[in-house]
Amino acid sequence: MSEKFDVVVFGSLIVDFISYVPRLPKVGETLHGTKFATGFGGKGANQCVAAARLGSRTAMIGKLGNDPWGKNYFSNLQSEGVNVDHVTILDGQNTGIAQINVANNGDNQIVIVVGANNCLQAEDVHACLDVLSEAKVLVCQLETPIQATIEALKTFKGTSIMNAAPGLENVPPELLKYCTIFCVNESEAALITDMPVDTIAEAKEALFKLRNMGCNTIIITLGEKGSVFALKDSTNIVHVKPFKVAKVVDTTGAGDAFIGALAHFIATNPSTEMVQCIAAANRVAAFSVQQPGTQTSFPRMEETGLPTGTLSSYDSNHWEYI
């Protein structure tokens, strides 16, 4: 039987409350904002919608509160074509929320209150085996309970991506070793490895440390510097160059656009090399930072400028060994 889903996401659903400000406030400072908006977010759902927008058959496993925000979010996932058979609306729980400040230069500050997301437990993994057994790629993050995430990674038999975000000190070893791909940005990598990750050379050293900690394939994203990665057991460290943009509007959700796109390209291009999938995901993330909002910034495939079929011919000038 053919697999039903390309990408399944086990993770968070959070409603975004976004204030646009001239610059990010200092401690104790009050600023006048220029605009306010609400949107659908949470790293898990963002990554799921990003993959769905690109054409993946997706399913979401998560929890919402029995409030207007949760009901609206459930409907939004359906409108994006995401399977919601295992998205549960819980009585007595609030839907997760995020307070986000976005500055004119695209920088942001985010505070989350996860609410119902804390109710995603290990037993939910076993209740979702019908979905997990039919998926090519599983994506997890750190906005839901860690033990449930570890159980999902242990149970899943396909390719799994662990996006260790938000950053966490003292990461459980199981979280590192049970995922196929461990992906973090520079600040998350610095927190986990307890070493600076500001340059490509430092990212390379952090990658070696993560490997010693038990990781398999590792990707460290570096924003405007691109990404570095190494396949499991490979001695080759690759720098994937960034896709340059003329103007950054809003960086909120760019990392999620990258993860969702990466999952999509791995699932739908099984014979394509990892470096090409990462380069294509960089391009999707670059598109998203040129648009306002989170999920609203994620492109459809026809908007990316990428080949609609296989990525095997994608320009090799986008990467180099370091």
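Helix α9 gives the most to the lining of the largest pocket, contributing five residues. The model is a predicted one, and this pocket is a good place to start reading it. Its volume comes to about 1,400 Å³. Among the 48 residues that line it, those closest to its centre are Asn185, Gly223, Thr251, Ala254 and Gly255. Helix α9 (254-268) is joined by β2 (14-21), α1 (43-53), β6 (96-103), β7 (108-113), β10 (181-185), α7 (186-193) and α10 (274-288), each of which supplies at least two lining residues. By character, the lining divides into 20 nonpolar, 19 polar and nine charged residues.

**The chain as a whole**

Let us step back for a moment. The protein chain holds 10 helices and 14 strands. Its C-alpha trace spans about 50 × 50 × 40 Å along the principal axes. The radius of gyration is 18 Å, which agrees with the value near 20 Å that a compact globule of 322 residues would have. Buried residues account for 54% of the 322 residues. Of the contacts with a separation of 6 or more, 66% are between residues 24 or more positions apart.

**Annotated sites and the pocket**

Three sets of positions carry the UniProt feature "binding site", and each comes from an unreviewed entry.

In one set, UniProt lists Asn185, Thr221, Leu222, Gly223, Glu224, Lys225, Gly226, Gly255, Asp256 and Asn282. From this set, the lining of the largest pocket takes in Asn185, Thr221, Leu222, Gly223, Glu224, Gly226, Gly255, Asp256 and Asn282.

Another set in the UniProt record covers Ile14, Val15, Asp16, Gly42, Lys43, Gly44, Ala45, Asn46, Glu143 and Asp256. Here the pocket lining includes Ile14, Asp16, Gly42, Lys43, Asn46, Glu143 and Asp256. Asp256 therefore belongs to both of these annotated sets.A further set in the same kind of record takes in Asp250, Thr252, Ser288, Gln291, Gly293 and Ser297. These residues span 48 positions in sequence, yet no two of their C-alpha atoms are more than 9.6 Å apart, so they gather at one spot. Of this set, the lining of the largest pocket includes Thr252.

**Four annotated residues up close**

The table sets out how accessible four of the annotated residues are.

| Residue | Relative accessibility | Class |
|---|---|---|
| Thr221 | 16% | buried |
| Leu222 | 3% | buried |
| Thr252 | 5% | buried |
| Glu143 | 8% | buried |

Where do Thr221 and Leu222 sit along the chain? Thr221 is found in strand β11 (residues 217-221), while Leu222 lies in the loop between β11 and β12 (227-230). Setting aside neighbours within four places in sequence, Thr221 is in contact with Cys183, Val184, Asn185, Glu186, Gly226, Ser227 and Phe258. Leu222, counted the same way, touches Glu186, Val197, Ile200, Ala203, Ser227 and Val228. Glu186 and Ser227 appear in both lists.

Thr252 is placed in the loop between β13 (238-240) and α9. Beyond its neighbours within four places in sequence, Thr252 is in contact with Ile100, Val102, Asn108, Ile110, Gly293 and Thr294. Gly293, one of these partners, is itself among the residues annotated together with Thr252.

Glu143 is placed in the loop between β8 and α5. Leaving out neighbours within four places in sequence, its contacts are Ser12, Ile14, Gly42, Lys43, Gly44, Ile112, Val114, Asn117, Ala165 and Pro166. Among these partners, Ile14, Gly42, Lys43 and Gly44 also belong to the annotated set that holds Glu143.

**Helix α5 and an exposed loop residue**

After the loop that holds Glu143 comes helix α5. In α5 (residues 146-155), the buried residues are Ala148, Thr149, Ile150, Glu151, Ala152 and Leu153. What do they pack against? Their partners are β1 (5-10), α3 (122-127), β8 (135-140), β9 (159-163) and α6 (173-177).

For contrast, have a look at Gly28, in the loop between β2 and β3 (35-41). Is Gly28 buried or exposed? At 81% relative accessibility, Gly28 counts as exposed. Gly28 and Asp198 are 170 residues apart in sequence, and their C-alpha atoms are 28 Å apart in space.

Technical notes:
Residues are numbered from 1 along each chain as its sequence is written. This is a predicted model: local features need pLDDT of at least 70, side-chain atom pairs count only at pLDDT 80 or more; totals for chains, interfaces and linings use all residues. Side-chain values use heavy atoms; hydrogens and water are left out. UniProt positions are given in the numbering used here, feature names are shortened, and annotations may be inferred rather than shown by experiment. On a 1 Å grid over the protein atoms alone, a cavity is a set of points where a 1.4 Å probe fits but cannot get out, and a pocket is an open set with protein on both sides within 12 Å along at least five of seven lines; lining residues have an atom within 4 Å of a point. Helices (H or I, at least four residues) and strands (E, at least two) are DSSP runs, numbered from the N terminus. Buried means under 20% relative accessible area, exposed over 50%, partly exposed in between (1.4 Å probe, protein chains only). Contact means heavy atoms within 4.5 Å. Grid points are joined across faces, edges and corners, and a volume is the space filled by probe spheres set on the points. Ala, Val, Leu, Ile, Met, Phe, Trp, Tyr, Cys and Pro count as nonpolar, Asp, Glu, Lys and Arg as charged, and the others, Gly among them, as polar. The radius of gyration is taken over C-alpha atoms; the globule rule is 2.2 Å times the number of residues to the power 0.38.
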